[in-house]
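I opened this notebook to keep track of what I looked up, entry by entry. Each entry begins with a place in the chain and ends with what I found there.

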Amino acid sequence: MTTNQFNIQGLTEEQVLASRTQHGSNTLEYKKENAFWEAIKGFVKDPMVLMLLVASSIYFVSGKIGDGIFLACAIILVSGISLYQNSRSRNALEKLKNFSQPKCKVIRAGVVVEINSEDLVVGDSLMVEEGTFITADGIIVHSNDFSVNESILTGESFAVFKDKDKEDHLIYSGTMVASGLAIANITAIANETKLGKIGKSLESIQEEQTPLELQINNFVKKMVMAGTVVFLVVWGVNYLNSRDILDSLLKALTLAMSILPEEIPVAFTTFMALGAWRLMKMGIVVKQMKTVETLGSATVICTDKTGTITENKMSLAKLFVLESGNTTDADQVSSDAEQDLIRIAMWASEPIPFDPMESALHDAYAKYAAVDDRPNFKMIHEYPLGGQPPMMTHLFEKKQGGERIIAAKGAPEAIMAVSNLTDADKNKILAAMESMANEGYRMLGVGLADFEGNQFPKTQQEFKFIFKGLVAFYDPPKKNIQKVLEHFYAAGIKVKIVTGDNAATTTAIAKQIGFKGYEKSITGDELMQLSDADLKKAVMDIQLFTRMYPEAKLKIINALKAQNEIVAMTGDGVNDGPALKAAHIGIAMGKKGTEIAKQAASLILLEDDLSKMVDAVAMGRKIYANLKKAIQYIISIHIPIILTVSLPLFLGWIYPNIFFPSHIIFLELIMGPTCSIIYENEPIEKNAMKQQPRPFSATFFNWKELTTSIIQGLMITVGTLACYQYAVQSGYNESITRAMVFVVLISANIFLTLVNRSFYYSMFTSMKNKNNLIVFIIGITIAIAGLLLYIKPLAHFFQFEFLNLSQLIVSSGIGWLSVIWFEGYKWYKRRIAK
């Protein structure tokens with residue numbers, strides 16, 4: 001859009017490039033820890049790595065060079081996998097940061113363009129308006145009723161009015177526009193801004209761990225403590241029996257390694273980071289990791305009407321002129337009174353419109369006006385949108401001659417309240433409003449006032465207005481919105497419309513889209529008068545909330561939260577910030593949302609499409625379910641490793657040390673990729689969006705789920721120990737027994753991976769869900785296990801002996817049997833459900 005009314009041309013493309021070369025990009029840069037070095041430091045502190053280092057050192061000291069080299073290589077391999085997972089997660093999160101950076105508007109070569117804030121350069125003409133964050137320091141060259149909240153710099157929460165002619169004519173990066181509009185010449189960017197110079201303190205702010213992350217870390221810490229205790233006991237027992245300190249230490253380390261579930265925190269980080277990255281690819285930017293956890297639990301979605309349920313493509317549809325009492329279609333304007341109504345409504349709009357209704361009024365004015373007076377007038381005062389119901393007033397003065405226009409528009413009730421109307425006039429207006437509202441139109445009242453002098457009233461409501469008429473806009477429902485609502489209802493999620501529009505218009509639109517509960521509504525004023533008990537009942541029973549303002553919206557969110565609902569809230573305006581912040585899941589619109597809304601929200605829909613929230617909820621449920629499957633798998637497979645290592649030792653069986661560190665580390669290397677690669681890539685189960693939202697409790701597993709994993713682990717243990725005894729009773733030596741028990745664990749691991757893809761559907765049904773990584777990972781596992789068993793140097797190193805076909809079938813079959821029983825349980829579960 002050209003900006004010739006301001007006579008500001010801004011920088012040319014060549015000047016922008018020259019400024020960027022001289023001053024750099026608008027990105028804050030401080031000394032940060034090297035991400036790779038941070039990962040290395042974290043890795044060195046890993047208990048599993050420390051145990052491998054000790055075990056490797058013991059092998060070297062005791063002369064077993066081959067074993068020492070193997071464990072040293074294992075350390076390198078484990079570190080490589082860990083660093084890869086870390087960088088994968090870090091890169092995903094870095095892409096999210098880039099995606100969610102704020103935008104800004106600048107005038108370049110006489111045209112207003114929107115750019116990423118990091119592309120802003122010194123000398124740019126930055127345009128800031130109500131609801132935006134200021135992204136650089138500058139000097140104001142033009143402003144209309146402009147005020148800024150500078151609390152980030154001063155600590156003072158009240159807005160500061162600024163003007164080019166005032167002493168305070170500077171804007172600062174990081175502050176927020178409270179009202180009006182301004183254009184400023186940029187003088188400092190990035191680290192040279194006032195905020196940039198004091199910004200080092202921001203580097204020390206640490207992100208809090210999420211509840212689930214705390215639970216997982218606490219669980220791992222407890223397992224580390226348990227492993228330490230068992231390690232000391234086993235070391236002591238072995239030393240008393242053998243009097244060999246290094247050998248007994250090695251055997252104790254073997255058991256300690258089997259206890260440590262180091263895959264769990266890796267799986268959590270991977271699932272959350274890659275989940276957020278997958279959401280970003282779908283057009284959903286997740287700003288806070290905890291949102292990924294919460295998405296699958298959402299029970300209520302509070303959505304705005306305009307632009308969320310409707311297209312936000314406001315077209316001027318009808319005009320009601322009070323003087324004549326006539327209602328006219330907007331494309332059939334003929335009388336002077338109708339043209340005058342459009343003219344006054346336009347003057348009550350922003351000179352540079354960003355609201356769809358104001359754009360429609362400007363377009364209608366340009367269409368019908370014989371002469372375009374906009375370049376001949378300048379705004380001398382502005383009253384921003386305010387009051388309950390809201391209205392706004394603009395004062396324009398002709399550049400030559402001093403002619404004044406004082407125009408207001410807003411909720412019809414607001415303009416009626418400040419106009420001198422007879423009862424007959426009021427009845428005419430109310431009848432017109434009812435007729436238009438029943439057709440789903442959105443209406444604004446339009447008024448005109450007269451005022452002499454320059455000491456303007458403190459509030460716009462003090463002017464004496466003449467009520468000129470109504471302008472009605474039609475904003476059609478989105479084509480997909482009915483389907484979106486059906487998906488939410490099927491998923492057990494309640495939908496509530498929370499809008500500033502009137503009840504009749506909202507009801508008409510709600511009825512058109514098949515919205516459940518459109519028959520009953522409540523206004524913001526009515527809601528605020530309810531007692532706490534009545535409020536709690538109302539927010540559960542009523543689905544339509546009309547004429548809502550910030551305090552009322554916040555009250556709805558808090559009342560729903562008090563009823564243990566998990567609340568998602570959509571918003572796009574300045575006044576939605578508190579409610580978005582209060583909701584469990586604050587959802588801002590990427591296109592029409594203000595920067596304040598985006599900053600307050602935890603999730604941004606880039607395309608302003610509510611259907612993406614269906615995808616987001618589905619993704620949230622999938623991520624949570626898959627993480628749970630991965631951790632249940634880890635628990636189930638760790639139990640037989642722990643018991644197979646410890647029980648022969650404690651029970652004094654013939655081969656007390658069936659496994660060594662080399663075997664444990666190999667099993668760990670299989671389990672890590674299985675849980676964090678296969679399960680992370682699992683598609684959503686077909687019944688996931690037909691279930692009620694999961695309770696957002698403090699416990700990741702309920703006892704039933706944990707018991708299932710423990711029983712699965714114990715059944716595999718029964719299989720390994722049964723195979724051990726079968727081998728002993730058959731007269732096989734220690735190496736064959738070890739090989740058979742190892743095959744039981746490998747085959748059980750493979751079948752457990754397949755069986756646990758779903759805890760409801762059969763393994764064969766789950767195979768229809770495409771996951772290419774399963775064949776790849778299982779294929780590699782089988783191939784490497786085959787090499788260990790049948791390549792002589794490897795078999796000798798792992799102290800295996802070749803297994804004949806019958807031994808291989810027996811041990812593989814035992815592994816299969818120790819897991820496949822769970823399919824019978826799932827069949828029974830499905831039968832009961834039906």
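Is helix 22 largely enclosed by the rest of the structure, or largely open, and how many of its 40 residues are buried? I found that 34 of the 40 are buried, so helix 22 is largely enclosed by the rest of the structure; buried here means under 20% relative accessible area, exposed over 50%, and partly exposed in between, with a 1.4 Å probe and protein chains only. Helices (H or I, at least four residues) and strands (E, at least two) are DSSP runs, numbered from the N terminus.

Before going on, I noted that this is a predicted model, in which local features need pLDDT of at least 70 and side-chain atom pairs count only at pLDDT 80 or more, while totals for chains, interfaces and linings use all residues. Residues are numbered from 1 along each chain as its sequence is written, and side-chain values use heavy atoms, with hydrogens and water left out.

**Entry: the whole protein.** I listed 29 helices and 22 strands, and I noted that buried residues make up 53% of the 834 residues.

**Entry: helix 22 again.** Helix 22 covers residues 611-650, and at 1.5 Å a residue (the expected span is 1.5 Å times one less than the number of residues) it should span 58 Å, which agrees with the 58 Å between its end C-alpha atoms. After the helix comes Gly652, with a positive phi near 70°. On the other side, Asp608 lies in the loop between strand 22 (603-605) and helix 22; Asp608 has a positive phi of about 55° although it is not a glycine, and it is buried, with a relative accessible area of 7%.

**Entry: the cores.** I looked up the largest nonpolar core, a core being a set of buried Ala, Val, Leu, Ile, Met, Phe, Trp, Tyr and Cys residues joined through side-chain atoms within 4.5 Å. It has 111 residues, of which Phe488, Phe515, Leu603 and Met613 touch the most other members, and helix 22 gives the largest share of this core, 19 residues. A second, separate core has 29 residues, including Leu527 and Met569. Returning to Phe488, and not counting residues up to four places away in sequence, I found that Phe488 touches Ile301, Ile493, Val495, Leu610, Met613 and Val614, where contact means heavy atoms within 4.5 Å.

**Entry: strand 7.** Of the 13 residues of strand 7, 10 are buried, so this strand is largely enclosed by the rest of the structure. Strand 7 pairs in the antiparallel sense with strand 3 (residues 125-129) over 5 bridges and with strand 4 (residues 137-149) over 10 bridges, two strands being paired if DSSP finds at least two bridges between them. In the pairing with strand 3, Ser125 stands opposite Asn185, and in the one with strand 4, Ile140 stands opposite Ala184. In the loop between strand 6 (170-171) and strand 7 (176-188) I found Thr175, which is buried at a relative accessible area of 1%.

**Entry: Asp119.** Asp119 lies in the loop between strand 2 (111-116) and strand 3 and counts as partly exposed at 28% relative accessibility. Asp119 and Asn26 are 93 residues apart in sequence but 6.2 Å apart in space, C-alpha to C-alpha.

**Entry: a cis peptide bond.** I last looked up Gln388 and Pro389, which a cis peptide bond joins, with omega about -5°; Pro389 sits in the loop between strand 12 (377-386) and strand 13 (391-398).
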